[in-house]
Amino acid sequence: MLGWILGGMLAISLGAGWFGGRMDLVSQAAMTGGGEAVELALSLAGMLALWGGLMRIAEHSGLTTIVSRCLEPITRLLFPSLREGERARELISMNMTANLLGLGNAATPLGLAAMKELSRRAGHPARATREMVTFVVLNTASIQLLPATNALLRLQAGSEAPLEILPAVWLTSAAAVTVSLLLARGGREKK
């Protein structure tokens, strides 16, 4: 499906450039945009490698267990069927921590591992459980205390105060999580 969407966007762009007589600008944008995309990917890869490595160290040092205990009141409320010390709860806690730090890309592997564990635990991987839905909503509309990726992008774009967006980020992410969780928890789970 994504291939069709991207193909459609490409066709519309080429058509608009051709009909508008601006194919020179379309080809120039294609050439410079590719280079800029590679630069952006490399700069984000460095940050992702750093935080991914730190998360791995945290896991091996036992810090993940400590973080999981600190987030226990929240995870107990949101995931009541998960027992204390369960692997899924620990992965969810680490995913929440990465999201709190604004490290969405570093949170992705943890989120996938948590979802895999929730699916294994459910026993019927073809159907999403309430815990799986809650986790997807929580992960997608995550609260960010420190939006590190956005700050890095703003810094690279020349912002003199890349963290001036903090109040707006806190407000919007808290509102998004609250509304999303209320909507996700409001439905009935089919048996």
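**Helix packing exercises**

The crossing of H7 and H9 is right-handed. The model is predicted.

**Exercise 1.** Classify the packing of H7 against H9, and list the residues in contact.

*Solution.*
- Locate the helices. H7 covers residues 130-140 and H9 covers residues 166-186.
- Take the geometry. The angle is about 165°, and the axes lie 9 Å apart.
- Apply the cut-off. Angles over 145 degrees count as roughly antiparallel. H7 is therefore roughly antiparallel to H9.
- List the contact. H7 supplies Arg130, Val133, Thr134, Val137 and Leu138. H9 supplies Val177, Ser180, Leu181, Ala184 and Arg185.

**Exercise 2.** Determine how H5 and H7 are oriented, and give the hand of their crossing.

*Solution.*
- Locate H5. Its residues are 87-100.
- Take the geometry. H5 and H7 pack at about 20°, with 10 Å between their axes.
- Apply the cut-off. Angles under 35 degrees count as roughly parallel, so H5 and H7 are roughly parallel to each other.
- Add the hand. This crossing is left-handed.
- List the contact. Ile92, Asn95, Met96 and Asn99 of H5 meet Phe135, Leu138 and Asn139 of H7.

**Exercise 3.** Describe the crossing of H2 and H8.

*Solution.*
- Locate the helices. H2 spans residues 23-61, and H8 spans residues 148-156.
- Take the geometry. The axes come within 11 Å and cross at roughly 140°.
- Name the class. H2 and H8 are therefore oblique to each other.
- Add the hand. H2 passes H8 in a right-handed crossing.
- List the contact. From H2 come Leu40, Ser43, Leu44 and Met47. From H8 come Ala148, Thr149, Leu152, Leu153 and Gln156.

**Exercise 4.** Find the residues that make the nonpolar surface patch of about 580 Å², and place Met9 in its helix.

*Solution.*
- Name the members. Met1, Leu2, Ile5, Leu6 and Met9 make the patch.
- Place Met9. Met9 lies in helix H1, residues 2-19.

Key
Residues numbered from 1 in each chain as written. Predicted model: local features only at pLDDT ≥ 70, side-chain atom pairs only at ≥ 80, totals over all residues. Heavy atoms only, no water. Patch = residues over 30% accessible without salt bridge, like charges linked within 9 Å, V, L, I, M, F, W, Y side chains within 5 Å. Areas by Shrake-Rupley, 256 points an atom, 1.4 Å probe, with all protein chains shown as cover. Salt bridge = Lys/Arg side-chain N within 4 Å of Asp/Glu carboxyl O. Helix = DSSP H or I, 4+ residues; strand = E, 2+ residues; numbered from the N terminus. Axes fitted to C-alpha atoms, helices over the stretch in contact; angles between N-to-C directions. Parallel < 35°, antiparallel > 145°, perpendicular 65-115°, else oblique. Left-handed = near helix turned anticlockwise from the far one by under 90°. Contact = heavy atoms within 4.5 Å.
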